[in-house]
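Visitor: I'm new to this one. Could you show it to me and put up with a few "how do you know" questions?

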Amino acid sequence: MAIVLTFNDNIIPTDKQGYLLDHLLWQKELAVVMAKNDEFVLTDAHWEIINFVRQFYLTYNTSPAIRALTKAMKNEFGEAKASSRYLYKLFPEGPAKQATKYAGLPKPARCI
Amino acid sequence: MNSTTNNTEYGLAIINSKAPFSSNHGKDALDIALIFGSFEQQVSLFFQGDGVYQLIANQDATLVSIKDYLKTFAAFEFYDIENVYVCQQSLSNRKLSEKFHVENVQVLASNEFRTAVNKHQHVLRF
Amino acid sequence: MKTLAVVVTTPPYSPLTITAINYLEAALATGVNVIGVFFYQDGVMHANKHINIASDEYQAIKQWQNLHTRYQLPLHICITAAEKRGITCDDNAQINAGFTVSGLGELVELTTKASRVVQF
C-alpha cells in the first residue's frame, strides 16, 4: 500500500514504508507530519537522536547501525544516553529504523 | 568450539584490490566490514593494487554521480575498525603519496603486508 | 572438528562457479563438515528463479540444489545484494528451492563458526 505524504499542499515522494526518497527535502516540520501520520509523538529526547542520526548520515554517508550509533553518542551525550536500552525506549520499533525515517534518511539496507 | 589457533583473535582480513568507482567491489567490501564491526567481530582492512585508490584524499564521487562510500571510512572508529593497512609498493607503483582521507592508515612494505594478512584467520578479497 | 564455509560471489554463468561446486562436492564427499554457503554480489543470482541457461551448458543452479538435497547444505543469499539485482525476497515465489534469504549477519555467523572460509 502506497503511503501519500502531503506537506504544505505538496506531495513528498516516499518509498513504500514512508521513508523520504530525497533526504534534501527534509525539514523539521515535515518530520512532525511524518510522525503524526504514524501516530508517533516526538519529544525533545527523540529530536536529540533524530538530529544526531541525520548529522551522522550527512557526515559519513551512511545511517549508523545501533552499535555504531551508541558509540558515537557516547562522545556527544555521555554514557547514560549511549545505550541501546535508552534508544529502544524512545524508538520501540528500532532506533536505526525509526529515527532514520523521521530524520528523512533512506531506509537502512542492512538487515540486523 | 575447539581448535582455537593462536591467530584467531585477528579475525577477518578484507583485501581491497579494486579502484573505488569502477565497480561495486569497494562498497560491497565496506558493507561486510561494517557488519563485522557491528557484531563486535575483529576485522582489518587491507588495500593493495588499484585498491589503494580507495584511501587517497580529495576524491569526489558525486562528480560522477556515485554515492560516495569513501566518506564512511571516517566512521570506522564507531565500528571498532582499527586496523587499516596499505601496501607501500602499490602506492609507489602508482606514484601516489601517502595522503589519505582517513587517519591511522598503516603503510606496510610488501613483506610486512603479507605477514599482517597471515595473522588473520579468514581472508576475503574484493 | 574442522568446519568449512564457502563464499560465492560469481553468477550461475561463470566458470568460477563450476570450480566452487566441484570443490564443495569433493569436500562433502570426503566428509568435511561444510556449515554453509554464503552467496554475495553476483552470487545471489543463483537464487533467481528466472535464470535460464541453455540446456547444453553447465546448470549451476541444479548442482547447488543437488548439493542441498544430498547433504542438507545451507545456501544463504544476501538479501540486500539480491534485491539490488531484482530478486524480490518478500515471499519465496522468486527464490529457487533450497536457497534461504539471509543477510550479512549470516556471513558473520558462518565466518566465526568456520575453521576455514574459502571465497570464489
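Visitor: What makes helix H2 (residues 44-60) of chain A stand out from strand E1 (residues 5-7) of chain A?

Guide: Their confidence: this is a predicted model, where local features need pLDDT of at least 70, side-chain atom pairs count only at pLDDT 80 or more, and totals for chains, interfaces and linings use all residues. Residues are numbered from 1 along each chain as its sequence is written, and chains are lettered from A in the order in which they are written. On pLDDT (the predictor's confidence in each residue, from 0 to 100), H2 has the highest mean among the elements of chain A, 96, and E1 the lowest, 88. Both are DSSP runs, numbered from the N terminus: helices are H or I with at least four residues, strands E with at least two.

Visitor: How do you know that strand E3 (residues 83-87) of chain B pairs with E4(B)?

Guide: Two strands pair if DSSP finds at least two bridges between them. Four bridges join E3(B) to E4(B), therefore they count as paired. They run parallel, and B:Val86 stands opposite B:Val107 in E4(B).

Visitor: Why are strand E4 (105-108) and strand E5 (122-125) of chain B called edge strands?

Guide: In chain B, five strands form an open, parallel sheet ordered E4-E3-E2-E1-E5. E4(B) and E5(B) each pair on one side only, so they are the edges.

Visitor: What makes up the contact between chains B and C?

Guide: Twelve residues from each of these chains, where contact means C-beta atoms, placed from the backbone, within 7 Å. On chain C's side, H4(C) gives the most, with six residues.

How values were computed: Two residues are in contact if their C-beta atoms, placed from the backbone, lie within 7 Å.
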